[in-house]
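Here is a short briefing on side-chain pairing in one protein chain. Keep the sequence and the 3D view open while reading.

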Amino acid sequence: MRHITTHTSPATGLRGIADTSWQPHGVCHGMDPEDADATFFPLPRDHEAIADAKELCGPCPVRRDCLNYALENDLKDGIWGGLTEAERRPWHDGLPRRLDYRRVAAFFNGRDVHLTDAERQVVIDHAYVRGWRPDRLAPALHISTKHARDLLRQAANKIFDRDRTLGVPRRKNPVKKTTVARRNRPATTPPTTQQPLARPATPSACAPVGKAA
């Protein structure tokens, strides 16, 4: 296992314990196996050699992937991801409870990620929210379709119980536009229906009277 960082494993088509596509991008890739063994597997009290190995791991672009590989494969010897065996021990102990959302996102992006129990549950919940069917979740998690159907049903029941317990906020009644328009409309006097009174006709003082006119 010590030469894993210096050689690219051939593609076998089988699902591995962890994603190994990161290995060709490592700073240590291409090193002589004997030099790699002496650099990354120093004696526990050889502080100078440990410091040299950490200095080499510092700028490595796949340092986190290297650490994940050691944790998932239970590699407790040597320096992986810039951490010694003693420094990785708490990570090994807490691995089943680890929840890294970047790994969950990598799973949905199609990468072959070895999920922990906590990460696996998040994937199932998100798959239900995204509308995944059992025939899609089953090959992604390498389980049977019946098992995937049961997991999605459990996720649905969990969300239903959460909404029933916490309550779904009610939608506020929208204010009718007609009411607002009536409130803001200026008051106007109704048009009158009375007709104007006609004045009585009065005879003119200059008008002639009688037949002589």
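The points below cover aromatic pairs, salt bridges and one buried acid.

The model is predicted. The structure holds four aromatic pairs. It also holds eleven salt bridges.

**Aromatic pairs around phenylalanine 108**

- Phenylalanine 107 and phenylalanine 108 form an edge-to-face pair. Their ring centres are 5.5 Å apart, with 85° between the planes.
- Phenylalanine 107 and phenylalanine 108 are both buried.
- Phenylalanine 108 also pairs with tryptophan 132. The centres are 5.4 Å apart and the planes lie at 75°, so this pair is edge-to-face. The cut-off for that label is over 60 degrees.
- Phenylalanine 108 belongs to helix α5 (residues 101–108), whereas tryptophan 132 is in the loop between α6 (117–129) and α7 (134–141). The pair therefore ties together parts that are 24 residues apart in sequence.
- Phenylalanine 108 has a relative accessible area of 15%, and tryptophan 132 has 13%. Buried means under 20%, so both values fit that class.
- Arginine 130 places its charged end over the ring of phenylalanine 108, 3.9 Å from the ring centre.

**An aromatic cluster**

- Trp22, Tyr69 and Trp80 form one aromatic cluster.

**Salt bridges between separate parts of the chain**

- Side chains of opposite charge can pair when their charged atoms come close.
- Aspartate 100 forms a salt bridge with arginine 64; the closest N and O atoms are 3.7 Å apart.
- This pair links distant parts of the chain, 36 residues apart. Aspartate 100 is in the loop between α4 (85–93) and α5, and arginine 64 is in helix α3 (residues 63–72).
- The two partners differ in exposure class: aspartate 100 is buried at 11% relative accessible area, while arginine 64 is partly exposed at 44%.
- Lysine 158 forms a salt bridge with aspartate 125, with the closest N and O atoms 3.0 Å apart.
- Lysine 158 lies in helix α8 (residues 145–166) and aspartate 125 in helix α6, so their pair ties together parts that are 33 residues apart in sequence.
- Lysine 158 counts as partly exposed, at 39% relative accessibility.

**A salt bridge within helix α8**

- Aspartate 150 forms a salt bridge with arginine 153. The closest N and O atoms are 3.1 Å apart.
- These two residues are three residues apart in helix α8, so about one helical turn separates them.
- Aspartate 150 is partly exposed, with a relative accessible area of 26%. Arginine 153 is also partly exposed, at 44%.

**Glutamate 119 and its surroundings**

- Glu72, Arg98, Arg103 and Glu119 are linked in a network of salt bridges.
- Glutamate 119 lies in helix α6. Its relative accessibility is 0%, so it counts as buried.
- A polar atom of the glutamate 119 side chain lies 3.1 Å from the backbone nitrogen of aspartate 100.
- Leaving aside neighbours within four places in sequence, glutamate 119 is in contact with Arg98, Leu99, Asp100, Arg103, Val104 and His114.
- Arg98 and Arg103 are among these contacts, and both belong to the salt-bridge network.
- Aspartate 100 thus appears in two settings: it forms a salt bridge with arginine 64, and its backbone nitrogen lies 3.1 Å from the side chain of buried glutamate 119.

Note on methods:
Residues are numbered from 1 along each chain as its sequence is written. This is a predicted model: local features need pLDDT of at least 70, side-chain atom pairs count only at pLDDT 80 or more; totals for chains, interfaces and linings use all residues. Side-chain values use heavy atoms; hydrogens and water are left out. Rings of Phe, Tyr and Trp (its six-membered ring) pair if their centres lie within 6.5 Å; planes under 30 degrees apart count as stacked, over 60 as edge-to-face and the rest as tilted. Buried means under 20% relative accessible area, exposed over 50%, partly exposed in between (1.4 Å probe, protein chains only). Helices (H or I, at least four residues) and strands (E, at least two) are DSSP runs, numbered from the N terminus. A charge sits over a ring if NZ of Lys or CZ of Arg is within 6 Å of the ring centre and within 35 degrees of the ring normal. A salt bridge is a side-chain nitrogen of Lys or Arg within 4 Å of a carboxyl oxygen of Asp or Glu. A polar contact is a pair of N or O atoms within 3.5 Å; within protein, one must be able to donate a hydrogen and the other to accept it, and residues adjacent in sequence count only if both atoms are side-chain atoms. Contact means heavy atoms within 4.5 Å.
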